[in-house]
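This report describes a structure with the sequence and the coordinates at hand. Please keep both in view while reading.

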Amino acid sequence: MSTETHPLNPQSPNWLWYAGVALSGAVWLLLYRQLIPFSEWATALFPVERHSHTGEAIAFFLYDVPKVLLLLTLIVFVTGVLRSWFSPEKTRAILSGKREILGYPLAAALGVLTPFCSCSSVPLFIGFVSAGIPLGVTFSFLIAGPMVGPVGLGLLFGLVGWKITAIYLVFGFSIATLAGWVMGRMGLERYLQDWVRALNAGTISTLPEDRVTMVDRIKIGLDQVREILGKVWIWVVIGIAIGAFIHGYVPEAVMLRIMGGEAWWSVPAAVVVGVPMYTNAAGVIPIVEALLGKGAALGTTLAFMMSVIALSLPEMIILKQVLTLRLIAIFLAVVASGILATGYLFNALI
Amino acid sequence: MKTVKIFGSGCKRCLATEAMVKDAASRLGIEATVEKVTDPREIAMAGVMSTPGISVDGALVHAGGLPDTAKLEGWLSA
């Protein structure tokens, strides 16, 4: 009987993972460079004049769908890997010891980096508040998460350019920080649901920390790609179809009248339209691309995008479990004011 | 006899976790009652901030995302 064992080289499977990631990156780049030739070739298959309204709309659609899906895959993967260094538990530990004034910007930054889905925003909210993190700081965290999420920023960069992405980042981050601070000043603890106020910090238990390898992080990234792309692709296609319609058919003169900077009501109207729109960053940014391309005012478009992404009715309904209606109304009003101010500011400046 | 609690609002991943726990228990031949906790208040009290969370005999072992199968078997047979 042989007792000899063949010790597996623990390095070799890791190398396969890294090589796989590098190869996928190369394939990604190759595909990304073929976007324009592909969309032109595919558009030519349709029996329509390339520069007609329909031809323009088809070309926009066939260019944007693969482009957005490719960008999404990359962004979600990279974000998934980066976020594997963060967790709600760690974020809570960081925030609970901080002075309040530092807490707001820090919470907004961590809101961007901490992985959490809206389905666990209730336990997360309670976890923060019961650990003694001020309510305003918790709101900064909850606003920043969707508002300046990496998916939105990455797509905005890929579809619209770095200048508008930078503006969006700075203002989205400022709104999250300031809205939290304003709500912190208002002393809103009394408007939490009764049972939330009754909770105290004594109940926090902590998990033993796992050792996570780099390969585990890659797997987390891939898992995120599967999960998120599976969920949002339909919104992406719908968003691009709307964008393509705007790009092909809506005359610039009409766009300027509705979403130009002249009409005072265009910014609040953009917010009112944006809030009930149930989509996500990936679905709305192709629309934003088409709006800006047709000459919509930057402030109005920013206000529209921010209200779609940051203020969603389903999220409000989930939060109803922990917040009274009054508090939800205050939350909406404060964030909406920040968005309106941003919209008016940019319409005035540009 | 082990008592496993699964904390989650009823999202897709929470249901998948429940199935994974039941699978692992029957594979290991461990008798376990699997209980789903959906009340946000109870979830919070257990210290779970990202769902799905798992506790075995009252001790929290996992929070956030699907559990790793090998780790899950470890918790159940411990």
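## The strands of chain B

In chain B, strands β1(B) and β3(B) run antiparallel and are joined by 4 bridges. Within this pair, V4(B) has V56(B) of β3(B) as its bridge partner. The model discussed here is a predicted one.

V56(B) also has a place in a second pairing, since it stands opposite A59(B) in β4(B). Strands β3(B) and β4(B) are antiparallel and share 4 bridges. Another position of this pairing sets G53(B) opposite A63(B) of β4(B).

The third pairing has the parallel sense: β1(B), residues 2-7, and β2(B), residues 32-37, are paired over 6 bridges. Here K2(B) has A32(B) in β2(B) as its bridge partner. The three pairings are set side by side in the table.

| Strand pair | Sense | Bridges | One pair of facing residues |
|---|---|---|---|
| β1(B) and β2(B) | parallel | 6 bridges | K2(B) and A32(B) |
| β1(B) and β3(B) | antiparallel | 4 bridges | V4(B) and V56(B) |
| β3(B) and β4(B) | antiparallel | 4 bridges | G53(B) and A63(B) |

How are the side chains of a regular strand arranged with respect to the two faces of the sheet? In a regular strand, they alternate between the two faces.

## Connections between the strands

The two parallel strands are linked through a helix. β1(B), helix α1 of chain B (residues 12-28) and β2(B) together make a right-handed β-α-β unit.

The connection from β3(B) to β4(B) is of another kind: the two strands form a hairpin with 2 residues between them. D57(B) lies in the loop between these strands. Its phi is positive, about 50 degrees, although D57(B) is not a glycine. Is D57(B) buried, exposed or partly exposed? It has 13 other C-beta atoms within 10 Å, and therefore counts as partly exposed, because that class lies between the limit of 12 or fewer for exposed residues and the limit of 20 or more for buried ones.

A further backbone feature occurs at P52(B), which is placed in the loop between α2 (40-45) and β3 (53-56) of chain B. The peptide bond joining T51(B) and P52(B) is cis, with omega at about -5 degrees.

## Chain B as a whole

In total, chain B has 3 helices and 4 strands. Read from the N terminus, its elements follow the order β-α-β-α-β-β-α. The C-alpha trace spans about 30 × 20 × 15 Å along the principal axes of chain B. The radius of gyration of chain B is 11 Å, which agrees with a compact globule, because a globule of 78 residues would have a value near 12 Å. Of these 78 residues, 37% count as buried. Among the contacts of chain B between residues at least 6 apart in sequence, 66% join residues at least 24 apart.

## Chain A

Chain A comes to 17 helices and 0 strands. Its C-alpha trace spans about 75 × 70 × 30 Å along the principal axes. Of its 350 residues, 43% are buried. Among contacts in chain A with a separation of 6 or more, 87% are between residues 24 or more positions apart.

Helix α7 of chain A, residues 135-147, serves as an example. This helix has 13 residues and reaches 18 Å from its first C-alpha to its last, close to the 18 Å expected at 1.5 Å a residue. α7(A) is mostly covered, with 13 of its 13 residues buried.

A loop residue offers another example. G295(A) is placed in the loop between α14 (281-293) and α15 (298-310) of chain A. This glycine is exposed, because 12 other C-beta atoms lie within 10 Å and 12 or fewer is the limit for that class. Beyond its neighbours within four places in sequence, G295(A) is in contact with E252(A), M255(A) and L256(A). From G295(A) to Y32(A) there are 263 residues in sequence and 27 Å in space, taken from C-alpha to C-alpha.

## Where the two chains meet

How many residues of each chain are in contact with the other chain? There are 20 residues of chain A in contact with 15 residues of chain B. On the side of chain A that touches chain B, the elements giving two or more residues are α4 (88-96) and α6 (121-130) of chain A. The largest share, 6 residues, comes from α6(A). By type, the residues of this side divide into 11 nonpolar, 7 polar and 2 charged.

Key: Residues are numbered from 1 along each chain as its sequence is written. Chains are lettered from A and ligands numbered from 1 in the order in which they are written. This is a predicted model: local features need pLDDT of at least 70, side-chain atom pairs count only at pLDDT 80 or more; totals for chains, interfaces and linings use all residues. Two residues are in contact if their C-beta atoms, placed from the backbone, lie within 7 Å. Ala, Val, Leu, Ile, Met, Phe, Trp, Tyr, Cys and Pro count as nonpolar, Asp, Glu, Lys and Arg as charged, and the others, Gly among them, as polar. The radius of gyration is taken over C-alpha atoms; the globule rule is 2.2 Å times the number of residues to the power 0.38. The expected span of a helix is 1.5 Å times one less than its number of residues. Two strands pair if DSSP finds at least two bridges between them. A crossover is right-handed if, with the strands pointing away from the viewer, the path from the first strand over the helix to the second runs clockwise.
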